[in-house]
Amino acid sequence: MKNLFEAGKLLLLDMAATLFFLALYLLTHNVTLSVVLGMVLGVSQIGWQVARRKPIDTMQWMSLFLVLGAGTVTLITNDPRFVMIKPSVIYIVVGVVMLKRGWMNRYLPPIAIELVPDIAIIVGYAWSGLMFFSAALNVIVALNFDVGTWSAAMSIYGIVSKALMFLIGYTAMRTIGVARKRRLAGDRPRDVAPMPG
């Protein structure tokens, strides 16, 4: 469970520049200021990692290049939709990674890996499907609605959909795991009491 929250924290950090842009834009309605400061935050995150001599993983580099690329196009066109579409790219990348069979195993306790490895694979694919659906939905909302509507809709959807998927996956694995554990306990031969002499 701790590893899963750690992964969520890393994803949130990768999205920080976009979330910062969004908050600033909603407060100021200034595209240029919001984009420039969002880009500065993205560069600062990488700079902080370099200063601390921490490794920078592929997702962080990709996020930075997306922030800089989408930000530059947004500045040139004065159209915030380019920044709004960035989460879709991240959703697609994460969805592709989640297509790897058994990716959830690193987030599961040993008992779950022992009892429900098949269910964990199915739940992992369901997570991947959710990422692809989220990417498509984000593009549709970003292209058809204003920034305020997009931010409200995608924020609520993002939180609710991930929380529901987590609860459904956890409940399914736990319920099936408990049933399998009971069945295994029932299949074990009981000690036979010695016959009276």
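A residue is taken as buried when its relative accessible area is under 20%. By this criterion, 36% of the 197 residues of the protein chain are buried in the model, which is predicted. The accessible surface of the chain amounts to about 12200 Å², and carbon and sulfur atoms account for 70% of this area.

The protein chain contains 8 helices and 0 strands. Read from the N terminus, the order of elements is accordingly α-α-α-α-α-α-α-α. Among contacts in the chain with a separation of 6 or more, 70% are formed by residues that lie 24 or more positions apart.

The largest nonpolar core comprises 38 residues, and those touching the most other members are M104, W127, M131, W150 and M173. Two or more core residues are given by each of α2 (16-28), α3 (31-51), α4 (58-77), α5 (81-97), α6 (110-115), α7 (117-144) and α8 (147-187). Of these elements, α7 gives the most, with 9 residues. W127, which is among the core residues that touch the most other members, lies within the span of α7. When residues up to four places away in sequence are not counted, W127 touches M98, W103 and M104, and also K162, M165 and F166. The last three of these positions, K162, M165 and F166, fall within the span of α8 (147-187).

The second largest pocket has a volume of about 430 Å³. Its lining consists of 21 residues, of which P109, A112, Y170, M173 and R174 are the closest to the pocket centre. M173 thus appears both in this group and among the core residues that touch the most other members. At least two lining residues are supplied by each of α6, α7 and α8. The contribution of α8 to the lining is the highest, at 9 residues. By residue class, the lining divides into 17 nonpolar, 2 polar and 2 charged residues.

Outside the helices, N30 is placed in the loop between α2 and α3. N30 has a relative accessible area of 33% and is therefore partly exposed, since this class covers values between the 20% limit for buried residues and the 50% limit for exposed ones. The C-alpha atoms of N30 and P80 are 9.9 Å apart in space, although the two residues are 50 residues apart in sequence.

Technical notes. Residues are numbered from 1 along each chain as its sequence is written. This is a predicted model: local features need pLDDT of at least 70, side-chain atom pairs count only at pLDDT 80 or more; totals for chains, interfaces and linings use all residues. Side-chain values use heavy atoms; hydrogens and water are left out. A nonpolar core is a set of buried Ala, Val, Leu, Ile, Met, Phe, Trp, Tyr and Cys residues joined through side-chain atoms within 4.5 Å. Buried means under 20% relative accessible area, exposed over 50%, partly exposed in between (1.4 Å probe, protein chains only). Helices (H or I, at least four residues) and strands (E, at least two) are DSSP runs, numbered from the N terminus. Contact means heavy atoms within 4.5 Å. On a 1 Å grid over the protein atoms alone, a cavity is a set of points where a 1.4 Å probe fits but cannot get out, and a pocket is an open set with protein on both sides within 12 Å along at least five of seven lines; lining residues have an atom within 4 Å of a point. Grid points are joined across faces, edges and corners, and a volume is the space filled by probe spheres set on the points. Ala, Val, Leu, Ile, Met, Phe, Trp, Tyr, Cys and Pro count as nonpolar, Asp, Glu, Lys and Arg as charged, and the others, Gly among them, as polar. Accessible areas come from the Shrake-Rupley method with a 1.4 Å probe; for residues, only the protein chains shown count as cover.
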